[in-house]
Amino acid sequence: MMNKLSNSLAIIAKRWPELYQPILSSPTITPVVIHEPEPTYVIDDIQLTSCYQRESEAQLQANSVPTNCSKLNIYGVALGDTINAVLTNKQLKLVKVHILNLSVFKLTLSDLGSLGWLDDPRVELVYAGGSNGISRPYLVMPAELILADDDCARLRDKLILDRDSAHIESQHTNNQHAQQHIITTQAVLKHDRDAEELLNNTFKRALIIAAGPSLEQTYQLIKNHQTGDIIICVDAALRALKQEGIIPNIVISIDPHPEICFRGIDFKEYTEVSLVYFPRMSPDTLSQWLGPRYQAYSTSSLYDDVNQKCPRLRLFSGGSVIHPAIDLAVKMSAAEVILFGADFGYPSNKTHAFWPSNFDVPAVNSTVGHSVMSWRGNKISTLPNLRGYLRDLEDFIELHPEVNFYSASSLGAKIDGARLWNEVQHNC
């Protein structure tokens with residue numbers, strides 16, 4: 001075992017010297033070893049590969065590589081079976097292997113790994129830590145998406161999103177009920193305004209209010225900026241603000257059934273507040289809103305047909321209502337966007353501000369738990385969809401270097417491309 005590790009590290013030291021020390025100094029894993037019918041490892045309750053016909057499983061992935069492909073990326077190593085399988089394809093001139101977990105990789109080098117690929121001159125080996133973009137075409141080792149190092153978390157999440165994106169989009173595009181609902185709602189509410197009209201109003205600073213638990217620690221900050229700055233609130237945060245006597249300028253609602261968000265609201269108090277909505281809400285719910293109503297569509301293909309017949313402002317949405325709220329602020333020329341309650345996880349083991357928790361929040365270190373890193377450097381519990389919303393927001397932020405993005409609380413998930421907001425420094 002040690003001889004195999006030493007020999008493998010010697011090859012790495014020669015071919016990729018920058019990786020030698022990080023691999024050598026990575027924590028050593030003590031896995032559970034499955035010996036039969038074929039050997040593999042179990043790490044933190046995650047089985048690294050199949051223990052039935054490992055080579056056939058690897059060949060199944062290798063067969064998915066396009067026949068005219070000359071370059072290929074492989075994310076994760078597992079036990080090396082898939083790398084060896086793809087290298088039998090002589091058309092491949094470059095296979096770039098991205099290590100997602102240094103400790104898992106060191107374990108692979110030490111015993112059960114199939115390591116013939118280390119000597120292949122077509123192989124390039126890199127550590128994926130800090131990498132944000134996906135290189136295509138690619139294959140991915142599924143177990144390593146769970147076992148990935150914290151430094152690879154953003155890339156891991158983007159790989160998961162990318163693998164799911166075609167299915168997610170098809171669920172929207174092929175959703176006949178949703179399409180019919182849009183057509184029906186549009187026919188009833190075609191006289192509502194186009195949200196494009198709101199772009200005539202410009203603000204230097206926009207406060208975006210989401211419903212994450214950290215919102216409860218920032219009410220006074222919001223009150224300090226009720227004059228002069230625009231407050232855009234997602235529907236789930238409306239009652240939390242109401243309890244604190246805060247009236248937003250704009251409310252955003254995109255879900256088909258947001259009724260609970262408006263329950264108990266005295267709509268007479270919101271006659272000067274604009275509602276921006278996607279036309280999947282029922283006309284009955286919308287008719288209760290006494291202030292100005294503005295329609296917008298997401299950039300999803302779900303709205304392409306109706307946009308041809310009745311054009312409206314298109315707003316970015318990766319599945320969360322906070323996305324179009326932020327995009328609207330950017331389109332209104334805000335130079336600063338301050339995020340409140342945008343936690344993308346469950347700090348303090350709560351799911352929402354104001355509302356009772358929807359479920360018992362799993363512990364970060366539980367086998368069923370998912371996590372994101374907070375601004376404070378600790379992990380907080382989350383769900384895969386929230387993590388996906390976070391990564392989509394980070395991609396959106398990258399597209400808008402002209403805007404300064406801030407988070408008002410350090411309790412929630414750290415948002416790449418944003419900074420923590422210091423009210424004293426930015427109170428102008």
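A residue is buried when its relative accessible area is under 20%. In this predicted model, W421 has a relative accessibility of 8% and therefore counts as buried. F340 stands at 0% and is buried too. The two residues form an aromatic pair. Their ring centres lie 6.1 Å apart, and the planes meet at 80°. The geometry is edge-to-face. F340 belongs to strand β15, which spans residues 336-340. W421 sits in the loop between β19 (419-420) and α16 (423-426). The partners are 81 residues apart in sequence, so the pair ties together separate parts of the chain.

The aromatic pairs in the model number eleven. A pair of aromatic rings is described by the distance of the centres and the angle of the planes. One aromatic cluster is made up of F262, F267, Y270 and W289.

Two helices illustrate burial. Helix α14 covers residues 322-331 and is mostly covered. Nine of its ten residues are buried. These are I322, H323, P324, A325, I326, D327, L328, A329 and V330. S333 follows α14 and has a positive phi, near 70°. Helix α5 runs over residues 102-110 and includes S110. The relative accessible area of S110 is 5%, so S110 is buried. Its side chain comes to 2.6 Å from the backbone oxygen of L107. An α-helix has 3.6 residues a turn, so residues three or four places apart point the same way.

Strand pairing was examined next. Strands of a sheet pair through backbone hydrogen bonds, either parallel or antiparallel. An open sheet is built from three strands, in the order β1-β2-β3, with antiparallel pairing. β1 (32-34) and β3 (46-47) are the edge strands, and each pairs on one side only. Three bridges link β1 to β2 (residues 40-43) in the antiparallel sense. V32 has V42 in β2 as its bridge partner.

The loops of this sheet hold two notable backbone features. P37 is placed in the loop between β1 and β2. The peptide bond joining E36 and P37 is cis, with omega at about 0°. D45 is found in the loop between β2 and β3. Its phi is positive, near 70°, although D45 is a residue other than glycine. D45 counts as exposed, at 60% relative accessibility.

A second antiparallel pairing joins strand β16 (residues 370-373) to strand β17 (residues 379-382). Four bridges connect these strands. V372 of the pairing stands opposite I380 in β17. The two strands form a hairpin, with five residues between them. G377 lies in the turn and has a positive phi of about 90°.

Similar backbone features appear elsewhere. Most residues other than glycine have a negative phi, and most peptide bonds are trans. The bond from R136 to P137 is cis, with omega near -10°. P137 occupies the loop between β6 (123-127) and β7 (138-140). N349 has a positive phi, near 60°, and is a residue other than glycine. N349 is located in the loop between β15 and β16. At 56% relative accessibility, N349 counts as exposed.

A further loop residue, N249, lies between α10 (238-243) and β11 (250-253). N249 is partly exposed, and its relative accessible area is 33%. Leaving aside residues up to four places away in sequence, N249 touches D229, I230, I231, E272, V273 and S274. One link involves the side chain of N249, which has a polar atom 2.7 Å from the backbone nitrogen of I231. N249 and I232 are 17 residues apart in sequence. Their C-alpha atoms are 6.0 Å apart in space.

Note on methods. Residues numbered from 1 in each chain as written. Heavy atoms only, no water. Buried < 20%, exposed > 50% of the residue type's maximum accessible area, 1.4 Å probe, protein only. Polar contact = N/O pair within 3.5 Å; in protein donor to acceptor, adjacent residues only side chain to side chain. Pairing = 2+ DSSP bridges. Phe/Tyr/Trp six-rings, centres within 6.5 Å; stacked < 30°, edge-to-face > 60°. Contact = heavy atoms within 4.5 Å.
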